[in-house]
Amino acid sequence: LEGGGRDEVPRRCCQYLGRAVARWREGIHRGVSFAPMPLRLEIKKKLSARSDRVKCVDLHPTEPWVLSALYSGNVYLWDTDTSSLVKSWEVCDLPVRSCKFISRRSQVICASDDMRLRIYNYNTMEKVKEIEAHADYIRYIEIHPSQALVLSSSDDMSIKLWNWEQNWECTFSFEGHSHYVMMTRFNCKDTNTFASASLDRSIKVWGIGAHQPHFSLEGHERGVNCIDYYSGGDKPYLLSGADDKTIKIWDYQTKACIQTLEGHSNNVCSVLFHPRLPVLVSASEDGTVRVWHATTYRAETTLNYGLERAWSIAVAKESNGLAIGYDEGTVLIKLGQDAPVASLDTHTGKLVWANNNDVLSASLKGTFRGIQDGEHVPLAARDMGSCEVYPQTVQHNCNGRFLVVCGDGEYIIYTSQALRNKSYGHALDFAWSAVGTGDYAVRESLSRVKIFKNFKEYKTIKCPIPASEEIFGGSCLAVRGSDCVCFFEWSEGTFLCKIDVLPISVHWNDTQELVILTCSDQAHVLKFDREAVDSALAGGSASLEQGVPTAFEPVHEVSDNIVAGQWVGDCFIYTNAAGRLNYLVGGNSMTICHLDSGPLFMLGYLAKENRIILMDRSRNVVSYGVLLAVLQYQTAVVRKDFDAANALLPAIPETELSSVARFLESQGYKEVALQVSRDSDHKFELALELQQIDTARELLDELQTNNFESTEQHTKWKRLGDLALAACDLRLAVRCAKNAMDMPGLLMLYSAAGDREGMKWLAEASIIQGQMNVAFVAYFILGHVEDCLELLLKLGRVPEAALLARTYLPSQISRTVEVWRQDLQQVSDRAASALADPQTYPNLFPDLEWAFKVEEIFMTNRNKHLPASSYERVKHDLDLDLIALLKQQTRGEVQEVQVVLSMRHVTDLILG
């Protein structure tokens with residue numbers, strides 16, 4: 001440290017120096033080696049797409065898309081979620097060396113060896129503009145981060161500035177390099193400047209309006225291919241890669257090279273600083289992609305996917321994805337986790353998060369006034385200082401007094417208010433106890449898990465599994481192995497139970513009675529029997545092999561991919577992989593809302609604010625309201641504490657009562673749900689299920705009073721009518737059928753009840769409703785055969801009308817035959833002439849005169865109705881031959897047949 005006395009040294013430097021000396025002394029005392037731990041960075045391949053040589057890749061800032069520029073002259077757009085080709089453009093027959101998203105305009109810009117720039121709309125695939133840009137191959141395109149500007153660099157040794165707001169006019173040209181200009185890059189901290197890399201072995205820094213470069217950086221032994229600016233913190237760093245197989249880090253303020261990285265065996269084609277992780281990445285023609293630590297410059301890992309030379313790499317600002325372009329295709333890998341490194345103290349409402357090595361905090365108390373669900377919450381962030389390790393997890397302890405930061409194989413425990421160092425050590429994983437303030441566990445290796453009490457090492461537990469892969473805190477210490485998870489008691493590290501699942505996370509509720517083990521595609525809710533465990537430990541009956549078999553009892557199984565969550569009473573609020581915010585209570589999952597604004601990561605629930613707190617990748621905080629009174633009420637119901645539930649119910653607003661009613665229904669308390677619900681549709685469904693006919697009728701009457709009619713309303717009346725019919729309430733069943741306009745149902749009811757007036761109304765109403773088949777049957781049952789005939793003629797059913805007249809109305813045969821003949825002449829004159837009219841061919845209609853007499857008697861007697869009680873006496877009359885009977889009467893063989901001859905016997909018997 002330069003300067004005079006101690007007072008002139010910055011306070012933070014003093015803190016770092018003191019911590020480092022203390023750790024060094026303790027390490028010497030323990031015999032601990034302080035060799036730098038490797039950066040624990042999970043790397044997962046998300047896309048591998050074979051194609052021709054890929055010269056450039058780019059990532060969309062918000063969509064899951066990768067853009068690939070091919071040497072064959074095509075541009076491919078890949079979807080990283082589905083690993084499918086979304087769109088492709090045939091740009092030209094020559095190589096496309098660069099392509100970039102212009103997301104602000106929903107466009108793609110391409111540069112090809114025909115020396116042209118082409119702009120496409122990536123939604124419509126329409127070519128928007130084509131520009132003859134340079135006199136030689138175009139090597140690279142750079143998009144300004146905020147202005148409507150684009151830089152293009154070329155083998156003609158020039159750089160050109162284009163403005164799309166001026167119809168893509170070239171507004172400036174920069175010349176100064178003596179060889180091909182391979183790449184340009186805007187300075188993200190000063191966007192009025194940019195740097196250029198050239199095969200003349202130099203890097204030049206320019207101003208947007210300057211004809212000459214501000215300065216040059218020289219140090220590479222061969223041509224420079226690629227550059228990138230450091231975007232984080234206050235380091236004025238510039239990264240470069242060259243054909244001399246090295247990567248150099250420059251301080252562009254002092255114009256000095258501060259580090260040279262060696263390791264590639266061929267030309268370095270692309271380099272970048274990762275915007276979110278403490279790494280820099282390089283790609284080379286040796287086929288490898290190397291990941292370097294951005295602070296120690298240590299080579300962390302080398303990636304080789306066997307796709308020959310690596311030409312291009314790209315990242316998105318708000319993503320952990322890294323796209324790589326190879327000779328044989330495109331690869332997208334995920335570096336680290338997408339979730340922000342943050343922790344919420346639900347007791348005090350204090351939020352702590354990490355931005356690279358910086359730790360920031362903000363209080364959420366009183367910040368939700370006027371904030372709607374899903375809106376960004378304004379935060380007054382406070383810088384707490386920097387952490388010696390790169391934070392990969394941040395977590396408060398059980399009472400929020402302490403905060404642990406884990407990363408690079410180490411952990412540091414700070415006080416949560418001022419970020420003062422409390423303890424530190426080596427750890428692959430860290431887990432807080434839910435009981436003691438300073439109690440925690442660390443996993444130092446695959447075979448060693450230690451328990452600490454009051455920040456001091458207490459015990460090393462003996463795991464009944466070959467290797468421990470992760471540990472989880474809470475009421476019990478959980479250690480996950482390769483095929484199971486083991487639980488241990490905190491006080492002595494006693495083995496309690498082994499469960500054959502592989503949890504990703506473990507969450508305990510406040511009473512330490514329920515625990516949920518979230519796995520990749522499902523979750524298991526268990527009940528922890530504290531009394532059984534304490535009794536077994538006191539009696540010494542906990543065996544080393546079996547533990548306490550009754551320690552856990554399965555309660556529910558949830559088929560969902562839970563990402564993050566928190567218990568509130570016996571309700572578990574969580575987010576899932578499908579982008580929904582749900583809560584689980586009593587084994588039932590209910591959706592609070594859909595998170596449509598992108599990936600959101602749940603931090604916790606603030607009971608005093610009635611808000612669920614979530615954070616996105618950009619560390620923006622959003623919240624959603626969930627009333628604590630509702631959660632407490634549901635918890636009381638699950639515990640069957642109905643007195644407490646009834647006391648909480650008045651505190652629940654009217655707007656939430658319907659959701660509470662649905663919860664009660666799911667728990668089997670349908671009568672209570674009916675009383676609580678304010679949703680008329682839900683109340684109607686409950687009333688039907690409970691067979692409360694009067695309640696259901698009153699609900700429908702209320703809707704009918706409000707002049708609310710719809711197809712859904714008719715369906716409800718029909719369902720109520722079915723229930724009324726099952727209860728033998730015919731009066732209500734008829735009313736329901738009328739309101740539902742259920743004409744077939746009314747036909748059945750009126751015929752069963754012998755209601756002639758109702759049948760008349762039904763016939764007329766059915767014609768109005770267009771249900772002519774019901775109208776025909778109603779007229780026929782009433783004996784109004786002439787109305788049946790007119791209905792058939794009106795509908796154009798002339799042949800059926802003629803047959804009806806031949807059977808029941810012989811006096812109308814001639815009329816219907818004439819109508820039929822006229823209708824048939826439109827199709828065939830021969831067929832029309834074949835129809836026989838009884839007036840012309842009486843010989844073809846035997847006993848027609850007798851039929852006229854029967855019809856006359858029928859018309860005279862059809863209004864004489866027989867009671868249903870006479871069925872047994874007259875049922876055999878249905879089989880009488882009325883014409884033969886009339887002939888016998890004429891000959892004096894039969895005396896009294898007037899009543900028998902009434903054809904209404906048939907209909908009266910049916911109606912009876």
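In the predicted model, Leu720 is in contact with Leu688, Ile693, Ala696, Arg697, Leu700 and Cys736, residues up to four places away in sequence being left out. Leu720 also belongs to the largest nonpolar core, which holds 48 residues. Leu720, Leu746, Met759, Leu762 and Leu789 touch the most other members of this core. Another core lies apart from it and comprises 36 residues. Ile573, Val630, Val637 and Leu664 are among the members of that other core.

Leu746 was examined next. This residue sits in helix α11, which spans residues 743–753. Its relative accessible area is 0%, so Leu746 is buried; the cut-off is under 20%. Beyond the residues up to four places away in sequence, Leu746 touches Val734, Ala737, Lys738, Trp761 and Leu762. Leu762 is, like Leu746, one of the core residues that touch the most other members. Gly758 follows Leu746 by 12 residues in sequence. The C-alpha atoms of Leu746 and Gly758 are 8.5 Å apart in space.

Helix α16 covers residues 813–825 and contains 13 residues. From first C-alpha to last, α16 reaches 18 Å, close to the 18 Å expected at 1.5 Å a residue. Its buried residues are Ile813, Ser814, Thr816, Val817 and Arg821. Viewed down the axis of α16, these buried residues fall within an arc of 160 degrees, so they line one face of the helix. Such spacing has a general basis: an α-helix has 3.6 residues a turn, so residues three or four places apart point the same way. Several helices contribute to the cover over the buried residues of α16. They include α14 (785–794), α15 (798–808), α17 (829–833) and α18 (848–861).

A buried arginine occurs in a strand as well. Arg443 lies in β38, a strand of residues 440–443. Its relative accessibility is 4%, and Arg443 therefore counts as buried. Two backbone oxygens lie within reach of the Arg443 side chain. That of Ser468 is 2.9 Å from a polar atom of this side chain. The backbone oxygen of Glu469 is reached by the side chain of Arg443 at 3.0 Å. Ser468 and Glu469 also appear among the contacts of Arg443, counted without its neighbours within four places in sequence. The other residues in contact with Arg443 are Arg40, Ala427, Leu428, Asp429, Arg448, Val449, Glu470 and Ile471.

Conventions: Residues numbered from 1 in each chain as written. Predicted model: local features only at pLDDT ≥ 70, side-chain atom pairs only at ≥ 80, totals over all residues. Heavy atoms only, no water. Helix = DSSP H or I, 4+ residues; strand = E, 2+ residues; numbered from the N terminus. Expected span 1.5 Å × (residues − 1). Buried < 20%, exposed > 50% of the residue type's maximum accessible area, 1.4 Å probe, protein only. Arc of directions from axis to C-beta. Contact = heavy atoms within 4.5 Å. Polar contact = N/O pair within 3.5 Å; in protein donor to acceptor, adjacent residues only side chain to side chain. Core = buried A, V, L, I, M, F, W, Y, C linked by side-chain atoms within 4.5 Å.
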